[in-house]
Amino acid sequence: MTIKKATATAHPNIALIKYWGNIDHELRLPSNGSISMNLGCLETRTTVMFKLEAKSDNLVLNGKAADLDAQKRITVFMNRVRELAGITDHAHIVSENNFPAGVGIASSSSAYAALSLAATKAAGLSLSERELSRLARTGSGSACRSIPEGFTEWITGDTHNKSYAESIAPPDHWNLKDCIAIVSQDHKEIGSTQGHEIAETSPLQASRIASAPERLDICRQSLLERDFKSFAEVVELDCNMMHAVMMTSNPTLLYWEAATLSIIKAVQSWRMDGLQVCYTIDAGPNVHVLCPNDIRAEVAEKLSGIPGVQKVITAGSGGRAQII
Ligand code: DP6
């Protein structure tokens with residue numbers, strides 16, 4: 001019996017400039033570029049074992065057999081890996097997150113980044129960072145940004161080869177913290193994949209896409225210069241624009257809960273009072289509040305005091321996906 005095995009880790013990321021909508025859904029070629037920060041202390045660890053005798057791919061997620069949809073999505077992805085490596089074996093895949101399931105932290109970014117690295121290594125391939133990022137993108141768009149280290153940018157690109165992420169600054173470039181205020185642990189009814197598919201039904205999507213390059217420039221520059229004021233403004237603007245598209249799509253996507261809005265208003269007033277904080281929200285109700293490291297405890301404590309906040313998880317900027 002031949003067993004080819006590898007284990008890899010990757011961090012989830014929080015988008016600072018959002019990916020929402022594709023020009024090619026199958027290849028996950030995005031309608032606009034995006035920028036994100038890997039979340040250091042949060043991690044997915046994935047082991048891939050190719051087995052000659054296995055009849056299909058089999059995924060165990062956080063100790064339980066994954067549901068049928070997750071298994072199907074993994075098989076489509078593993079077919080791509082098999083094609084690249086020129087092999088036919090199926091794989092047993094074991095994936096664990098060190099953050100609790102159902103807290104609304106999108107784990108598809110770290111999941112497909114870790115899987116891309118472990119699966120290609122186990123299949124005998126040694127891909128460059130760029131090649132890995134492209135492959136991870138086909139599993140989950142945002143996963144391409146969890147391959148390189150620190151703060152990363154996903155270049156749009158209109159072909160498979162031209163669309164990948166690269167690091168724009170290492171993790172220690174700026175000691176920012178993401179204080180994640182958890183307001184709901186419910187599983188969302190419409191996930192990102194379907195959301196990307198209906199983005200164009202919003203009359204606002206075209207103008208969001210047209211103005212994205214300008215926000216990308218401002219975000220990249222403010223990050224490189226550690227200019228919190230301009231960073232905060234562009235991160236919140238971009239988040240609001242994505243949620244405006246979601247709310248005006250058909251069907252309507254309204255991910256916010258009452259507590260989401262309470263946090264938005266609180267963060268805005270704290271900033272008016274001179275605190276360096278800003279918010280961003282992915283496809284869910286939980287709010288990511290970014291701030292410099294020295295005020296993280298104060299910010300986490302203030303967030304914990306807002307009615308509806310169940311808990312606050314704090315993460316700093318993290319490194320690249322790695323084989324362990
Ligand atoms: C709102 O990468 O989760 O978090 O490619 O279908 O897996 P799929 O979508 P996904 O979309 C992420 C959407 C977002 C914004 C972002 O991360 O840029």
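A polar contact is a pair of N or O atoms within 3.5 Å. The views below are taken from a predicted model.

**View 1. Polar contacts of the ligand with Tyr19, Ser142 and Thr193.** In this close-up, an oxygen atom of the ligand lies 2.9 Å from a backbone N or O atom of Tyr19. The side chain of Ser142 places an N or O atom 2.7 Å from an oxygen atom of the ligand. For Thr193, a polar side-chain atom is found 2.6 Å from an oxygen atom of the ligand. The ligand taken alone exposes 450 Å², of which the protein buries 96%.

**View 2. The shell of residues around the ligand.** The ligand is surrounded by 17 residues, and those that come nearest are Arg28, Ser140, Gly141, Ser142 and Thr193. By class, the shell comprises five nonpolar, seven polar and five charged residues. Helix H4, which spans residues 192-198, makes the greatest contribution to this shell, with three residues. Both domain 1 (3-170) and domain 2 (173-316) take part in the shell, each with at least three residues.

**View 3. The second largest pocket and its lining.** This pocket has a volume of about 310 Å³. Its lining consists of 14 residues, and His25, Glu26, Arg28, Val76 and Thr138 are the closest to its centre. Two or more lining residues come from each of helix H1 (68-85), helix H3 (129-139) and H4. The largest share of the lining, four residues, is supplied by H1. Three nonpolar, six polar and five charged residues make up the lining. The second largest pocket lies between domain 1 (3-170) and domain 2 (173-316), because both domains give residues to its lining.

**View 4. The backbone at Arg28.** Arg28 belongs to the loop that runs between strand E3 (22-24) and strand E4 (29-30). Its phi angle is near 55°, a positive value in a residue other than glycine. Arg28 also appears in two of the preceding views: it is among the residues that come nearest to the ligand, and it is one of those closest to the centre of the second largest pocket.

**View 5. The cis peptide bond between Asn250 and Pro251.** The peptide bond that leads from Asn250 to Pro251 is cis, and its omega angle is near 0°. Pro251 is located in the loop between helix H6 (228-247) and helix H7 (258-272).

Conventions. Residues are numbered from 1 along each chain as its sequence is written. This is a predicted model: local features need pLDDT of at least 70, side-chain atom pairs count only at pLDDT 80 or more; totals for chains, interfaces and linings use all residues. Side-chain values use heavy atoms; hydrogens and water are left out. A residue is near a molecule or strand if one of its heavy atoms lies within 4 Å of it. A polar contact is a pair of N or O atoms within 3.5 Å; within protein, one must be able to donate a hydrogen and the other to accept it, and residues adjacent in sequence count only if both atoms are side-chain atoms. Accessible areas come from the Shrake-Rupley method with a 1.4 Å probe; for residues, only the protein chains shown count as cover. Ala, Val, Leu, Ile, Met, Phe, Trp, Tyr, Cys and Pro count as nonpolar, Asp, Glu, Lys and Arg as charged, and the others, Gly among them, as polar. Domain bounds come from an automatic or database domain assignment. On a 1 Å grid over the protein atoms alone, a cavity is a set of points where a 1.4 Å probe fits but cannot get out, and a pocket is an open set with protein on both sides within 12 Å along at least five of seven lines; lining residues have an atom within 4 Å of a point. Grid points are joined across faces, edges and corners, and a volume is the space filled by probe spheres set on the points.
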